Amino acid sequence: MAGTSASALGATLHSGQAAAAAPPAANEQASGFYRYRVGEFQVTVVTDGVNTYPIPEGFVTNVPRNEVGAALAAAYLDGEKISVPYSPIVVNTGSRLVVFDTGTGEANFAASKGAGGQFHRNLQASGLKQADVDTVVISHFHGDHVNGLLTADGKPAFPNAEILVPRAEWAFWMDDGEMSRASKGRMEGLFRNNRRVFDALGRKVTPYEWDREVVPGITAVGTPGHSPGHTSYVIASGGAKVFVQSDVTNVPVLFARNPGWHLSFDQDPVMAEATRRRVYDMLSAERMKVQGFHYPFPALAHVEKSGNGYREIPVPWSPVV
Ligand SMILES: [Zn+2]
């Protein structure tokens with residue numbers, strides 16, 4: 001470039017080109033899916049989108065709202081709003097197609113003006129068909145994980161799939177006594193929502209146990225606290241491993257960095273914190289990758305100890321699978 005003036009360079013680049021009107025700005029992203037391998041298995045992360053809302057009072061129950069905002073601002077994020085991504089995954093084991101959690105539901109696409117409820121359309125864009133899914137594994141019974149079991153008009157979204165649910169989670173949410181004792185507001189709503197979803201499926205589910213394989217090569221690991229039956233998974237194939245954490249933390253920038261912070265959605269916050277510290281100590285000691293449901297897409301990272309907590313290091317995007 002030495003010796004070439006900027007104007008001369010511009011003239012060269014534009015020579016022979018007719019002036020064209022600027023194209024209109026586009027307002028849609030490419031479809032959100034991302035593939036990687038774990039040994040012989042192929043994982044497709046399929047985003048359901050991101051929910052952004054003003055930080056509610058009491059979002060973190062043991063920390064003032066302004067401290068939560070300061071932590072977001074320190075990470076170069078909006079200090080007034082929280083953005084929560086949703087990252088379900090699909091694992092192709094070679095013999096089975098297995099969906100882990102299902103997002104906020106198709107009806108949320110219109111309700112959120114396209115920001116959420118994207119899972120089913122992104123799944124289709126990835127070339128995977130809902131009718132080809134053999135197994136759906138649910139980590140826990142909060143709306144952002146179970147609502148996508150149904151279509152927007154309340155039909156089974158995976159018509160040929162066996163639905164696997166944690167035995168402890170099923171026992172808790174389907175118990176009429178527990179429902180009658182639920183606190184007003186969010187907990188009552190969750191009980192009602194779970195009955196809406198699972199009644200539409202005729203309650204046809206298969207409960208699974210912790211420390212056993214949900215499908216060959218993928219083991220359920222009990223990580224309770226966020227909910228009574230909250231479950232994570234170890235995907236293991238050909239010597240490679242990934243820990244699918246589900247909601248051991250919500251957004252890592254708050255809850256991996258500050259494992260002692262109690263998210264208002266954690267049903268037993270003390271147990272959730274103990275689980276979080278145990279899992280993150282294990283992940284950092286074993287240098288094991290984590291796939292985080294509420295991590296930024298594509299939600300695959302390493303974690304290491306840092307300060308009073310942990311720091312997530314995203315795995316770089318790969319141009320090939
Ligand atoms: Zn969640």
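Q: In which sense do E14 and E15 pair, parallel or antiparallel?
A: This is a predicted model, and its strands can be sorted by how they run. Strands of a sheet pair through backbone hydrogen bonds, in one of two senses. For E14 and E15 there are two bridges, and the sense is antiparallel.

Q: Which residue is the bridge partner of Val290 in E15?
A: Val290 falls within E14, which covers 289-292. E15 covers 300-306. The residue in E15 that bridges to Val290 is Ala301.

Q: Which peptide bond in the loop between E14 and E15 is cis?
A: Most peptide bonds are trans. Pro298 sits in the loop between E14 and E15. Its bond to the preceding residue has an omega of about 5°, so the cis bond is the one joining Phe297 and Pro298.

Q: Which strands stand at the edges of the seven-stranded sheet?
A: The sheet is open, with mixed pairing and the order E10-E11-E12-E13-E14-E15-E16. An edge strand has a single partner, so one of its sides is left without a neighbour in the sheet. That description fits E10 (213-215) and E16 (309-314).

Q: By how much are neighbouring strands of this sheet turned against each other on average?
A: Here the direction of the strands is ignored. Taken that way, the average turn between neighbours is 35°.

Q: At what angle does H10 run to E15?
A: H10 spans 269-286. This helix lies across E13 (240-246), E14, E15 and E16. Its angle to E15 is about 100°.

Q: Is Arg287 buried or exposed?
A: Arg287 is in the loop between H10 and E14, and has a positive phi of about 55° without being a glycine. Counting as exposed takes 12 or fewer other C-beta atoms within 10 Å. Arg287 has 9, so it is exposed.

Q: What is the phi of Tyr76, and is the residue buried or exposed?
A: Most residues other than glycine have a negative phi. Tyr76, in the loop between H2 (65-74) and E4 (81-86), is not a glycine, yet its phi is positive, at about 65°. With 8 C-beta neighbours inside 10 Å, Tyr76 is exposed.

Q: What is the radius of gyration of the protein chain?
A: The chain has ten helices and 16 strands, and its C-alpha trace spans about 80 × 45 × 45 Å along the principal axes. A compact globule of 321 residues would come out near 20 Å. The chain agrees with that, at 22 Å.

Notes:
Residues numbered from 1 in each chain as written. Predicted model: local features only at pLDDT ≥ 70, side-chain atom pairs only at ≥ 80, totals over all residues. Helix = DSSP H or I, 4+ residues; strand = E, 2+ residues; numbered from the N terminus. Rg over C-alpha atoms; globule rule 2.2 N^0.38 Å. Buried ≥ 20, exposed ≤ 12 C-beta atoms within 10 Å, placed from the backbone. Pairing = 2+ DSSP bridges. Axes fitted to C-alpha atoms, helices over the stretch in contact; angles between N-to-C directions. Contact = placed C-beta atoms within 7 Å.
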